[in-house]
Amino acid sequence: MSRPGFLLSAWPWRSAAYLFTGAVTGVATLVGIVTVAAVCGALAIVLVGLPLLVVVALSGIPVAWVERRRLRLIDRNPVSGRRRAPTAPGLWAWLTTRLREQGTWRELGYALLFAGLLWPVDALAITVALLVPLSTVATPLLMATVGDGHEAKVLKQWTVTTWPTAFGVAVLGLLLMGLGAYVLGATAGARSELARLLIASREGELGARVVELARSRARLVDAFEAERRRIERDLHDGAQQRLVALTMALGLARLDAPPGPLADQLTRAHEEAGKALAELRELIQGIYPKVLTDYGLHAAVADAADRCAVPVHIDLELPGRPTEAVESAAYFVVCEALANVAKHSGADRAQVSGGHRDGRLFLEVRDDGCGGADPSAGSGLTGLADRVSVLDGRLALTSPPGGPTLLRVEFPCELTEAADRFA
């Protein structure tokens, strides 16, 4: 409503439609509740009031069903009507489940409030904010048709006898319509919020938010991995190639230069360029190793084990490849674990094992070091645990003082052949 184009948009008319249908539905709800109460009151003489209790308690369900669909007129976010499933088949199980739900009683409260108070508010808002301005705008038309060009009644109260006055009243009606549009929007917005508060499923809303949160976290991880691959590709194809060309040029200049200070400087420059190239390759390897993309997790873990300062035994049985997100997260968990083994454990040997069974990929990294690892002490495992949890995985660390240390990670996933994955 704060936007300049509100009056020219469809929202004032959608608000009017919501309030108008609310008035009509409210009258129907009132008639239905009175009819049901009368019928059940007659049956209560025989069945001691049980039909009245059950039917009236359940009468809010169809009213809430209609209201959820009416809310789509002015609310882009759908209202959840999720309910608990009955514990057993049959009418009795369904009735007991519905009567035990808080949502059933909230919907009943909304139906009674709707039938007794809300629909008159809807009707009053439509009358004051829409029908009154429209009848004022129609004054020249009424004067030309009903009054034969001589007079017209404005709101059945004031008589207009001249055409300038009639058109002046019409202009006033247009101004009132602009003001009434905001009244309709405000009233419809307040009504929809009250309806959402009473008839929205708490469990459904919470479940939808949890699902959206999980999806947003997964999208962030995918975007992060895509950015990793882009940076690795740019460094590999750009900066690394330029350093290689620079190193070759310095090497050729070193060979052509006569012995002396210039040759010594070229030699040092050539060595520095070689060191920079080696560091850049290590950086690229740490950002996103190309071997992981080309050959998969087994080859990437073996490559990381070869670069580890501690001897590492590899025992992986992977008949296929997991998804890119799972594969990347598993690789970096292994790399972080091996880095911690080399820096902090004092181990003589380490082992990386794992496989895939029952729809889960599992990896274990163990060493024979001193133990006592603490993830909260800045080992980097806390961030990896967050990445694992985004993929519905689990990361567990066992490291008693004196060792050994065991890191286990699991991911729910299915394996595919490389040809199927990159098809």
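**Close-ups of a sheet and its helices**

Buried residues make up 39% of the 423 residues in this protein, and the model you're looking at is a predicted one. Its secondary structure adds up to 14 helices and seven strands. Take the contacts with a separation of 6 or more: 71% of them come from residues 24 or more positions apart.

**View 1. Five strands line up in an open sheet.** Read across the sheet and the order is S3-S4-S5-S7-S6, with mixed pairing. S3 (312-317) and S6 sit at the edges with a single partner strand each, so one side of each has no neighbour in the sheet. On average, neighbouring strands here are turned by 10 degrees against each other, direction ignored. Helix H11 (residues 297-307) packs on this sheet, where it touches S3, S4 (350-357) and S5 (360-367). The direction of H11 makes about 175 degrees with that of S3.

**View 2. S6 and S7 form a hairpin.** Here strand S6 (residues 394-398) runs antiparallel to strand S7 (residues 405-412), and five bridges join them. To find your way along the pair, start at leucine 395, whose bridge partner in S7 is valine 409. Then step to alanine 396, which has arginine 408 of S7 as its bridge partner. Six residues lie between the two strands, and in this hairpin glycine 402 takes a positive phi near 95 degrees.

**View 3. Helix H13 and the aspartate after it.** H13 covers residues 381-390, and its buried residues are Leu381, Leu384, Arg387, Val388 and Val390. Yes, there's an arginine on that list: Arg387 counts as buried along with the leucines and valines. Following H13 comes aspartate 392, which has a positive phi, near 65 degrees.

**View 4. H12 packs against H13.** The axes of H12 (residues 324-345) and H13 come within 10 Å and cross at roughly 165 degrees. Angles over 145 degrees count as roughly antiparallel, so that is how H12 and H13 run relative to each other. The crossing of the two is left-handed.

**View 5. Who touches whom between H12 and H13.** On the H12 side, the residues in contact are Ser328, Ala329, Phe332, Val333, Glu336 and Asn340. They meet Leu381, Leu384, Arg387 and Val388 of H13. Sorted by class, this contact has six nonpolar, two polar and two charged residues. Compare with View 3 and you'll spot that Leu381, Leu384, Arg387 and Val388 are also among the buried residues of H13.

Terms used: Residues are numbered from 1 along each chain as its sequence is written. This is a predicted model: local features need pLDDT of at least 70, side-chain atom pairs count only at pLDDT 80 or more; totals for chains, interfaces and linings use all residues. Side-chain values use heavy atoms; hydrogens and water are left out. Buried means under 20% relative accessible area, exposed over 50%, partly exposed in between (1.4 Å probe, protein chains only). Helices (H or I, at least four residues) and strands (E, at least two) are DSSP runs, numbered from the N terminus. Two strands pair if DSSP finds at least two bridges between them. Axes are lines fitted to C-alpha atoms, for helices over the stretch in contact, and angles run from 0 to 180 degrees between N-to-C directions. Angles under 35 degrees count as roughly parallel, over 145 as roughly antiparallel, 65 to 115 as roughly perpendicular and the rest as oblique. A crossing is left-handed if the near helix is turned anticlockwise from the far one by less than a right angle, and right-handed if clockwise. Contact means heavy atoms within 4.5 Å. Ala, Val, Leu, Ile, Met, Phe, Trp, Tyr, Cys and Pro count as nonpolar, Asp, Glu, Lys and Arg as charged, and the others, Gly among them, as polar.
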